[in-house]
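Work through the exercises below with the sequence and coordinates open. Each task is followed by a solution in steps.

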Amino acid sequence: MTVARSLLLFVVAALAEIGGAWLVWQGVREQRGLLWVGAGVIALGLYGFVATFQSDPHFGRILAAYGGVFVAGSLIWGVVVDRFQPDRWDVIGSAICIIGVLVIMYAPRG
């Protein structure tokens, strides 16, 4: 599997998980209703399948690396969707997480 395909799968997983959680949040906290919650639950379920398409056979490695993508993706979602303004510590922390993703997933092994 190419690095580009692997990174694309991480982005798709982030969109499904973060978007699903956001839909549930909107349905419950913002009282938008059960349709929003249901759509969120479906998106969260789809997220669970995406990781299975990564070529690395180790669930723990995939999930650990995805954690860094989730951190950075959540901040980006906040900026784009909720008009959140991250501070420098948010940016530094997410950059550290992305470096961790690159090390965990793509460092030479063997």
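**Exercise 1. The nonpolar core**

Task: Which residues touch the most other members of the largest nonpolar core, and which elements give two or more residues to this core?

Solution.
- Step 1. The model is predicted. Its largest nonpolar core has 14 residues.
- Step 2. Rank the members by how many others they touch. Phe10, Tyr66 and Val69 come out with the most.
- Step 3. Map the core onto the elements. Two or more residues come from each of helix H1 (3-28), helix H2 (34-50), helix H3 (59-82) and helix H4 (88-106).
- Step 4. Find the main contributor. H1 gives the largest share, 6 residues.

**Exercise 2. An aromatic pair**

Task: Describe the geometry of the aromatic pair that Phe10 and Tyr66 form, and say which helices the pair ties together.

Solution.
- Step 1. Search the whole structure for aromatic pairs. The search returns 5.
- Step 2. Take Phe10 and Tyr66. Their centres are 6.5 Å apart, with 20° between the planes.
- Step 3. Classify the pair. Planes under 30 degrees apart count as stacked, so the Phe10 and Tyr66 pair is stacked.
- Step 4. Place the partners. Phe10 belongs to helix H1 and Tyr66 to helix H3, so the pair links parts 56 residues apart in sequence.
- Step 5. Widen the view. Phe10, Tyr47, Tyr66 and Phe70 make up one aromatic cluster.

**Exercise 3. Surroundings of Tyr66**

Task: Is Tyr66 buried or exposed, and which residues is Tyr66 in contact with beyond its neighbours within four places in sequence?

Solution.
- Step 1. Check the relative accessibility of Tyr66. The value is 5%.
- Step 2. Apply the cut-off. Buried means under 20%, so Tyr66 counts as buried.
- Step 3. Do likewise for Phe10. At 3% relative accessibility, Phe10 counts as buried.
- Step 4. List the contacts of Tyr66, leaving out neighbours within four places. They are Phe10, Ala13, Ala14, Glu17 and Tyr47.

**Exercise 4. Val69 and Ile99**

Task: Which of the two is buried and which is exposed, Val69 or Ile99?

Solution.
- Step 1. Locate both residues. Val69 sits in helix H3. Ile99 sits in helix H4.
- Step 2. Read the relative accessible areas. Val69 has 12%. Ile99 has 53%.
- Step 3. Use the cut-offs: under 20% is buried, over 50% exposed. Val69 is therefore buried, and Ile99 is therefore exposed.
- Step 4. Add the spacing. Ile99 and Val69 are 30 residues apart in sequence, and their C-alpha atoms are 9.9 Å apart.
- Step 5. List what Val69 touches, not counting residues up to four places away. Phe10, Ala14, Ile98 and Val101 appear.
- Step 6. Try another partner. Val69 and Arg5 are 64 residues apart in sequence and 14 Å apart, C-alpha to C-alpha.

**Exercise 5. The whole chain**

Task: How many helices and strands are there in the chain, and what percentage of its residues is buried?

Solution.
- Step 1. Count the elements: 4 helices and 0 strands. Along the sequence the pattern reads α-α-α-α.
- Step 2. Frame the C-alpha atoms along the principal axes. The box is roughly 50 × 35 × 20 Å.
- Step 3. Take the buried share. It is 30% of the 110 residues.
- Step 4. Consider contacts with a separation of 6 or more. Residues 24 or more positions apart account for 63% of them.
- Step 5. Turn to the surface. The accessible area is about 7200 Å², and carbon and sulfur atoms hold 72% of it.
- Step 6. Finish with charge. There are 7 positive and 6 negative side chains, with the centres of the two sets 5 Å apart.

Technical notes:
Residues numbered from 1 in each chain as written. Predicted model: local features only at pLDDT ≥ 70, side-chain atom pairs only at ≥ 80, totals over all residues. Heavy atoms only, no water. Buried < 20%, exposed > 50% of the residue type's maximum accessible area, 1.4 Å probe, protein only. Contact = heavy atoms within 4.5 Å. Areas by Shrake-Rupley, 256 points an atom, 1.4 Å probe, with all protein chains shown as cover. Lys, Arg positive; Asp, Glu negative; His and termini not counted. Charge placed at Lys NZ, Arg CZ, Asp CG, Glu CD. Core = buried A, V, L, I, M, F, W, Y, C linked by side-chain atoms within 4.5 Å. Phe/Tyr/Trp six-rings, centres within 6.5 Å; stacked < 30°, edge-to-face > 60°.
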